[in-house]
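Biologist: Please choose one part of this structure, examine it closely, and then place it in the setting of the rest of the model. I would prefer one connected account to a list of separate values.

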Amino acid sequence: MFGYVKPYTPEMKMSEYELYRAVYCGLCRSMGRVTGELSRLTLSYDFVFLAAVRMLLSGESPKISSRRCAAHPMKRRALAEDCEALRYTARAAAFLNLGKLKDDMSDERGFFRLKAGVAYPSVQSMAKRARRSESKDGGQIIGELSREISEGLDRLNALEKGEEPTIDKCADAFGDITSSLFRAGFTGAHRRIAEEIGRGVGRFIYVADGLDDLRDDYVKKRFNPILRLYGESAVVLSDKRKVSVSKTAAESVMTAALLDLDRTAKAAELICDGGDTGIAAIIRNILYVGMPEVLRGIIKNNTQVENT
């Protein structure tokens, strides 16, 4: 994913922050085990959220231990011990990163396309290791997930290149991809809850990423869903031709994204109530405080011209 799904740590109690870091470090260790040491470099906050939701859905409470690692060899750190939610997330991350690289190789140009091409063999190796490790565990989820991610990215790419790539349709398409990450392996009510959480988070990520990239996309004349919706009124140019996001576009995006988050949070509450209280507190912090704060930061960083 893109790093927009993270907690707002000033609002966290120390115990919640320590648990969050323990899950983060535990996921890092699980990635090293099931997809290779190099895959640890692809770890992001978004995948910690996925692991936390999967823990609540499956009823897992992370067991915390104290260990040293290669990144922090001098001091022991709290770490969530290996569990199914962490192993699944490590494997899912490998296939999502592989799909994203394939997409970049077909869409990007110049240096960025070259960069994606250089990284591709390593990420492909991570995906192969993910498939092998699941096979050893007797699992059968990853194959179907890989197909859904690939088909979802193809649909999104076709929408963006089509005649009517509306922001709502594109956000829905990306939401379908993230929905598949959250729901894989679940059935019944848990599957429906996971789908709703995944879809809402995906829509938020797509819109936030579009807003974050808007200025560069305008300058480089690349597709951007917000530019397509608002046209020239999405940006403001200063006397020095500096590009900024217009206040109208920023406020509209903020409103739409917060509505998606509200629906997502309502679905999450269905598993937070009665689940592991520490993991539930982390999920609530991310949805109610962290993600809105991320979006406010994007708006602040991209609307400097109008704010002066």
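**Helix H7 and its surroundings**

Modeller: Helix H7 bends by about 55° at Leu214. The model is a predicted one, and this bend should be read with that in mind. H7 contains 33 residues, and its first and last C-alpha atoms are 46 Å apart, close to the 48 Å expected at 1.5 Å a residue. The end-to-end span is thus to be read together with the bend of about 55° at Leu214.

Arg215 also belongs to H7. Its relative accessibility is 21%, and Arg215 therefore counts as partly exposed, since the buried class is confined to values under 20%. As a measure of reach across the model, Arg215 and Ser39 are separated by 176 residues in sequence, while their C-alpha atoms lie 31 Å apart.

Just after H7 comes Lys221, whose phi is positive, at about 55°. Lys221 is a residue other than glycine, and its place is in the loop that runs between H7 (188-220) and helix H8 (225-230). With a relative accessible area of 75%, Lys221 is exposed, because that class begins over 50%.

Helix H10 offers a second case for the same treatment. H10 comprises 26 residues, 277-302, so at 1.5 Å a residue it should span 38 Å, and the 36 Å between its end C-alpha atoms agrees with this. H10 also has a bend, of about 40°, located at Ile286. Where H10 starts, a side-chain oxygen of Asp276 comes to within 3.0 Å of the backbone nitrogen of Gly278.

Three further helices supply the wider setting. Arg33 lies in helix H1, where its relative accessibility of 47% means that it counts as partly exposed. Arg87 has its place in helix H3, residues 84-107. The C-alpha atoms of Arg33 and Arg87 are 8.7 Å apart, although 54 residues separate the two along the chain. Arg87 has a relative accessible area of 19% and is therefore buried, since the limit for that class is 20%. The side chain of Arg87 makes a polar contact with the side chain of Glu84, at 3.2 Å. Tyr120 is placed in helix H4, which covers residues 110-137. At 17% relative accessibility, Tyr120 counts as buried. Its C-alpha atom is 6.5 Å from that of Leu101, with the two positions 19 residues apart along the chain.

The internal space can be described next. The structure holds 1 cavity of 30 Å³ or more, and about 40 Å³ of space lies in the largest cavity. The lining of that cavity is formed by Cys25, Arg67, Arg68, Cys69, His72, Arg77, Ala78 and Leu79. Strand S2, residues 77-80, gives the largest share of this lining, with 3 residues.

The second largest pocket holds about 240 Å³ of space. It is lined by 16 residues, and the closest to its centre are Cys28, Arg40, Cys69, Ala71 and His72. H1 and S2 each contribute at least two residues to the lining of this pocket, and the largest share, 5 residues, comes from H1. Cys69 and His72, named here among the residues closest to the centre of the pocket, are also named in the lining of the largest cavity.

The cysteines complete the account. Cys28, one of the residues closest to the centre of the second largest pocket, has a relative accessible area of 18% and is therefore buried. A disulfide is a covalent bond between the sulfur atoms of two cysteines. A search of the whole structure finds 0 disulfides. Cys272 is accordingly in no disulfide, and the nearest cysteine sulfur to it, that of Cys83, is 17 Å away; the cut-off for a disulfide is 2.5 Å. Cys272 is buried, because its relative accessible area is 4%.

To return to the part chosen at the outset, the main features of H7 are its bend at Leu214, its span of 46 Å over 33 residues, and the positive phi of Lys221 just after it.

Conventions: Residues are numbered from 1 along each chain as its sequence is written. This is a predicted model: local features need pLDDT of at least 70, side-chain atom pairs count only at pLDDT 80 or more; totals for chains, interfaces and linings use all residues. Side-chain values use heavy atoms; hydrogens and water are left out. Helices (H or I, at least four residues) and strands (E, at least two) are DSSP runs, numbered from the N terminus. The expected span of a helix is 1.5 Å times one less than its number of residues. The bend at a residue is the angle between axes fitted to the seven residues ending there and the seven starting there. A polar contact is a pair of N or O atoms within 3.5 Å; within protein, one must be able to donate a hydrogen and the other to accept it, and residues adjacent in sequence count only if both atoms are side-chain atoms. Buried means under 20% relative accessible area, exposed over 50%, partly exposed in between (1.4 Å probe, protein chains only). On a 1 Å grid over the protein atoms alone, a cavity is a set of points where a 1.4 Å probe fits but cannot get out, and a pocket is an open set with protein on both sides within 12 Å along at least five of seven lines; lining residues have an atom within 4 Å of a point. Grid points are joined across faces, edges and corners, and a volume is the space filled by probe spheres set on the points.
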